[in-house]
Amino acid sequence: MPSPTYELFREAMAARQQIVCTYNGLRREVCAVMLGHTRGEEKALTYQFGGDTSSVLPAGGEWRCLTLSKVSDVELRDGPWRAGGSHSASQSCVESVDFDVNPDSPYSPKHRL
(Lines give C-alpha, C1' and ligand atoms only; values in the text may rest on other atoms or scores of the structure.)
Protein backbone atom coordinates (compact mmCIF):
# COMPACT_ATOMS: atom_id res chain seq x y z
CA MET A 1 0.00 0.00 0.00
CA PRO A 2 1.48 3.38 -1.01
CA SER A 3 2.33 5.93 1.66
CA PRO A 4 0.36 9.18 1.97
CA THR A 5 3.41 11.03 0.60
CA TYR A 6 3.51 8.74 -2.45
CA GLU A 7 -0.18 9.44 -3.08
CA LEU A 8 0.34 13.22 -2.82
CA PHE A 9 3.23 13.06 -5.30
CA ARG A 10 1.07 10.99 -7.69
CA GLU A 11 -1.75 13.52 -7.35
CA ALA A 12 0.66 16.40 -8.09
CA MET A 13 1.97 14.60 -11.17
CA ALA A 14 -1.50 13.93 -12.54
CA ALA A 15 -2.52 17.58 -12.06
CA ARG A 16 0.92 18.97 -13.07
CA GLN A 17 1.16 20.80 -9.76
CA GLN A 18 4.25 21.99 -7.95
CA ILE A 19 5.23 20.39 -4.64
CA VAL A 20 6.59 22.26 -1.65
CA CYS A 21 8.00 19.90 0.98
CA THR A 22 10.72 19.32 3.52
CA TYR A 23 13.46 16.86 2.54
CA ASN A 24 16.30 16.06 4.94
CA GLY A 25 15.27 19.10 6.97
CA LEU A 26 15.37 21.53 4.05
CA ARG A 27 12.43 23.21 2.30
CA ARG A 28 12.27 22.19 -1.38
CA GLU A 29 10.19 23.37 -4.34
CA VAL A 30 9.95 20.63 -6.96
CA CYS A 31 7.92 19.13 -9.77
CA ALA A 32 7.70 15.31 -9.65
CA VAL A 33 8.36 13.70 -13.01
CA MET A 34 8.67 10.00 -12.18
CA LEU A 35 7.43 7.90 -9.27
CA GLY A 36 8.09 4.31 -8.24
CA HIS A 37 10.44 2.11 -6.22
CA THR A 38 14.12 1.30 -5.89
CA ARG A 39 15.12 -1.64 -3.71
CA GLY A 40 11.72 -1.55 -1.99
CA GLU A 41 11.84 2.18 -1.18
CA GLU A 42 9.43 4.72 -2.63
CA LYS A 43 11.37 7.15 -4.84
CA ALA A 44 10.58 10.21 -6.94
CA LEU A 45 12.61 11.77 -9.70
CA THR A 46 11.94 15.49 -9.35
CA TYR A 47 13.06 18.77 -10.82
CA GLN A 48 13.98 21.19 -8.02
CA PHE A 49 13.60 24.81 -9.03
CA GLY A 50 13.50 26.56 -5.66
CA GLY A 51 13.91 26.26 -1.94
CA ASP A 52 16.98 25.10 -0.07
CA THR A 53 19.54 22.40 -0.76
CA SER A 54 22.64 21.00 0.90
CA SER A 55 24.54 21.61 -2.35
CA VAL A 56 24.34 24.35 -4.97
CA LEU A 57 21.08 24.76 -6.88
CA PRO A 58 21.91 26.10 -10.35
CA ALA A 59 19.86 29.00 -11.72
CA GLY A 60 16.79 27.46 -13.30
CA GLY A 61 16.94 24.26 -11.24
CA GLU A 62 18.31 20.72 -11.28
CA TRP A 63 17.19 17.07 -11.21
CA ARG A 64 16.90 15.53 -7.73
CA CYS A 65 16.14 11.99 -6.60
CA LEU A 66 14.02 11.93 -3.43
CA THR A 67 13.50 9.01 -1.08
CA LEU A 68 9.89 9.57 -0.04
CA SER A 69 10.38 8.28 3.53
CA LYS A 70 12.57 11.38 4.05
CA VAL A 71 9.89 13.79 2.76
CA SER A 72 7.49 15.62 5.09
CA ASP A 73 5.20 18.65 5.16
CA VAL A 74 4.01 18.09 1.58
CA GLU A 75 1.88 20.82 0.01
CA LEU A 76 0.66 20.95 -3.58
CA ARG A 77 0.29 24.27 -5.36
CA ASP A 78 -0.53 25.63 -8.75
CA GLY A 79 2.29 27.19 -10.72
CA PRO A 80 4.36 26.70 -13.85
CA TRP A 81 5.30 23.07 -14.54
CA ARG A 82 9.07 22.67 -14.60
CA ALA A 83 11.01 19.68 -15.82
CA GLY A 84 14.32 21.07 -17.04
CA GLY A 85 15.56 21.57 -20.54
CA SER A 86 17.64 18.44 -21.07
CA HIS A 87 16.48 14.84 -20.93
CA SER A 88 19.43 13.27 -22.70
CA ALA A 89 20.82 11.24 -19.78
CA SER A 90 19.05 8.12 -18.56
CA GLN A 91 17.81 8.19 -14.99
CA SER A 92 18.88 5.78 -12.25
CA CYS A 93 16.66 7.12 -9.45
CA VAL A 94 13.58 4.94 -9.96
CA GLU A 95 14.23 1.29 -10.87
CA SER A 96 10.59 0.17 -11.01
CA VAL A 97 8.58 3.01 -12.56
CA ASP A 98 4.93 3.24 -11.54
CA PHE A 99 4.16 6.69 -13.01
CA ASP A 100 5.96 8.93 -15.51
CA VAL A 101 4.61 12.27 -16.75
CA ASN A 102 6.32 11.70 -20.09
CA PRO A 103 3.68 10.18 -22.41
CA ASP A 104 6.50 8.66 -24.50
CA SER A 105 8.33 7.25 -21.48
CA PRO A 106 11.02 4.69 -22.35
CA TYR A 107 10.69 3.25 -18.83
CA SER A 108 7.42 1.33 -19.35
CA PRO A 109 5.54 2.80 -16.37
CA LYS A 110 2.96 0.48 -14.81
CA HIS A 111 0.27 3.21 -14.95
CA ARG A 112 -0.47 6.15 -17.20
CA LEU A 113 -1.43 9.55 -15.83
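User: Before I look at single residues in this predicted model, what does it take for a residue to count as buried or as exposed?

Analyst: A residue is called buried when its relative accessible area is under 20%, exposed when that value is over 50%, and partly exposed in between. Val97 is a case to begin with: its relative accessible area is 5%, so Val97 counts as buried.

User: Where does Val97 sit, and which residues does Val97 touch beyond those up to four places away in sequence?

Analyst: Val97 belongs to strand E6, which covers residues 96-100. Once residues up to four places away in sequence are set aside, Val97 touches Met34, Leu35, Gln91, Tyr107, Ser108, Pro109 and Lys110. For a residue apart from this list, one may take Glu62, which is 35 residues from Val97 along the chain and whose C-alpha atom is separated from that of Val97 by 20 Å.

User: Is Gln17, which is found in a loop, buried or exposed?

Analyst: The place in the chain and the accessible area are read separately, and here the loop is the one between helix H1 (4-15) and strand E1 (18-23). Gln17 has a relative accessible area of 16%, and because the limit for buried is under 20%, Gln17 counts as buried. Leaving out its neighbours within four places in sequence, Gln17 is in contact with Ala12, Leu76, Arg77, Asp78 and Trp81.

User: How many salt bridges are there, and what should I look for when I read one?

Analyst: The count comes to 6 salt bridges, and for each one it helps to ask which residues pair up, where they lie and how accessible each partner is. Glu7 pairs with Arg10, with 3.2 Å between the closest N and O atoms. Both residues lie in helix H1, 3 residues apart, which is about one turn of the helix. Glu7 is partly exposed at 31% relative accessible area, and Arg10 is also partly exposed, at 27%.

User: Which salt bridge joins strand E6 to the segment after E6?

Analyst: That pair is Asp98 and Lys110, whose side chains meet at 3.6 Å, N to O. Asp98 lies in strand E6 and Lys110 in the segment after E6, so the salt bridge ties together parts that are 12 residues apart in sequence. The two partners fall into separate classes, since Asp98 is buried with a relative accessible area of 5%, whereas Lys110 counts as exposed at 55%.

User: Which residues are linked in a network of salt bridges?

Analyst: A network is read by following the links from residue to residue, and here Arg27, Glu29 and Arg77 are linked in this way. Within the network, the side chains of Arg27 and Glu29 meet at 2.7 Å, N to O. Arg27 counts as partly exposed at 39% relative accessibility, while Glu29 is buried at 14%.

User: What helices and strands does the whole protein have, and how compact is it?

Analyst: The protein has 1 helix and 6 strands, and read along the sequence they follow the pattern α-β-β-β-β-β-β. The radius of gyration is 13 Å, close to the 13 Å that the globule rule gives for 113 residues, so the protein is as compact as a globular protein of that length. The C-alpha atoms fill a box of roughly 30 × 30 × 25 Å along the principal axes, and 43% of the 113 residues count as buried. Among contacts with a separation of 6 or more, 58% are between residues 24 or more positions apart.

Technical notes
Residues numbered from 1 in each chain as written. Predicted model: local features only at pLDDT ≥ 70, side-chain atom pairs only at ≥ 80, totals over all residues. Heavy atoms only, no water. Helix = DSSP H or I, 4+ residues; strand = E, 2+ residues; numbered from the N terminus. Buried < 20%, exposed > 50% of the residue type's maximum accessible area, 1.4 Å probe, protein only. Contact = heavy atoms within 4.5 Å. Salt bridge = Lys/Arg side-chain N within 4 Å of Asp/Glu carboxyl O. Rg over C-alpha atoms; globule rule 2.2 N^0.38 Å.
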